[in-house]
Amino acid sequence: MTQSNEQYVDGFLLVVPSDKIEAYRAMATRAAEVWKEHGALDYRECVGDQLDNEGHVNFRGLSGAGEGETVVFAWIVYANRAERDRVNTAVMADPRLNCEGYENVFDLKRMAWGGFKTLVQL
């Protein structure tokens with residue numbers, strides 16, 4: 001079903017303390033520049049705004065975000081999975097991605113991520 005010309009997406013869901021959003025923005029901005037320079041087609045980091053929707057599973061509950069925390073929903077788009085693998089290898093070797101000073105911005109153990117094949121694209 002997947003062809004090499006279908007875009008591939010890495011998706012992320014993470015919890016960030018509300019008082020650390022600006023520090024997270026700085027870290028994410030640096031990461032976006034690195035990913036884009038190495039070939040990512042799009043890079044988005046979105047902070048929760050409307051999260052508590054009655055009658056539905058919500059992102060706050062799904063992520064385990066508590067009082068004083070918010071949810072970040074992010075994704076990176078690549079030309080295809082092979083390109084994603086190439087880009088991520090280059091990114092992980094890039095010294096600019098060193099996040100010293102950002103260790104307390106969010107808990108990596110609470111982050112969910114995965115790779116996704118494109119199902120519909122218009």
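Contact here means heavy atoms within 4.5 Å. The model described below is predicted.

## Overall layout

The chain holds 3 helices and 4 strands. Read from the N terminus, the elements follow the order β-α-β-α-β-α-β. The C-alpha trace spans about 45 × 40 × 20 Å along its principal axes. The chain has 122 residues, and 34% of them count as buried. Sequence-distant contacts are well represented: among contacts between residues at least 6 apart in sequence, 83% join residues at least 24 apart.

## The sheet

The 4 strands form an open sheet in the order β2-β3-β1-β4, and the pairing is antiparallel. Its edge strands are β2 and β4 (112-117), each of which pairs on one side only. From one strand to the next, the twist averages 15 degrees. Strands of a sheet pair through backbone hydrogen bonds, either parallel or antiparallel.

Strand β3 covers residues 69-78. One partner is β1 (residues 8-17), joined to β3 by 10 bridges in antiparallel fashion. The other pairing listed here is with β2 (residues 42-47), also antiparallel, over 6 bridges. Three residue pairs show how β3 is matched to its neighbours.

| Residue | Opposite residue in β3 |
|---|---|
| Val16 | Thr70 |
| Arg44 | Trp75 |
| Cys46 | Phe73 |

How many of the 10 residues of β3 are buried? The count is 8, so the strand is largely enclosed by the rest of the structure.

Thr70 gives a close-up of this strand. It is found in β3. Its relative accessibility is 9%; the cut-off for buried is under 20%, so Thr70 counts as buried. Leaving aside residues up to four places away in sequence, Thr70 touches Leu14, Val15, Val16, Ser18, Ile21, Val47, Gly48, Leu51 and Arg60. Val16 in that list is also the bridge partner of Thr70.

## Helices on the sheet

Helix α1 (residues 21-37) lies across β1, β2 and β3. It runs at about 170 degrees to β2.

Helix α3 (residues 81-93) has 13 residues. From first C-alpha to last it reaches 19 Å, close to the 18 Å expected at 1.5 Å a residue. Asn80 caps its N-terminal end. There, a side-chain oxygen of Asn80 lies 3.2 Å from the backbone nitrogen of Ala82.

Which residues of α3 are buried? They are Arg84, Val87, Asn88 and Val91. Viewed down the axis of α3, the buried residues fall within an arc of 100 degrees, so they line one face of the helix. What do these buried residues pack against? Their partners are β1, α1, β3 and β4. The list thus takes in a helix as well as strands. On the face turned away from the buried side, α3 carries the exposed residues Ala82, Thr89 and Ala93. Ala82 therefore appears twice: its backbone nitrogen takes part in the cap, and the residue is exposed on the outward face.

## Putting it together

Strand β3 sits between β2 and β1 in the sheet order. Helix α1 lies across β3, and the buried residues of α3 pack against β3 as well. With 8 of its 10 residues buried, β3 is largely enclosed.

Technical notes
Residues numbered from 1 in each chain as written. Predicted model: local features only at pLDDT ≥ 70, side-chain atom pairs only at ≥ 80, totals over all residues. Heavy atoms only, no water. Buried < 20%, exposed > 50% of the residue type's maximum accessible area, 1.4 Å probe, protein only. Helix = DSSP H or I, 4+ residues; strand = E, 2+ residues; numbered from the N terminus. Pairing = 2+ DSSP bridges. Axes fitted to C-alpha atoms, helices over the stretch in contact; angles between N-to-C directions. Expected span 1.5 Å × (residues − 1). Arc of directions from axis to C-beta. Polar contact = N/O pair within 3.5 Å; in protein donor to acceptor, adjacent residues only side chain to side chain.
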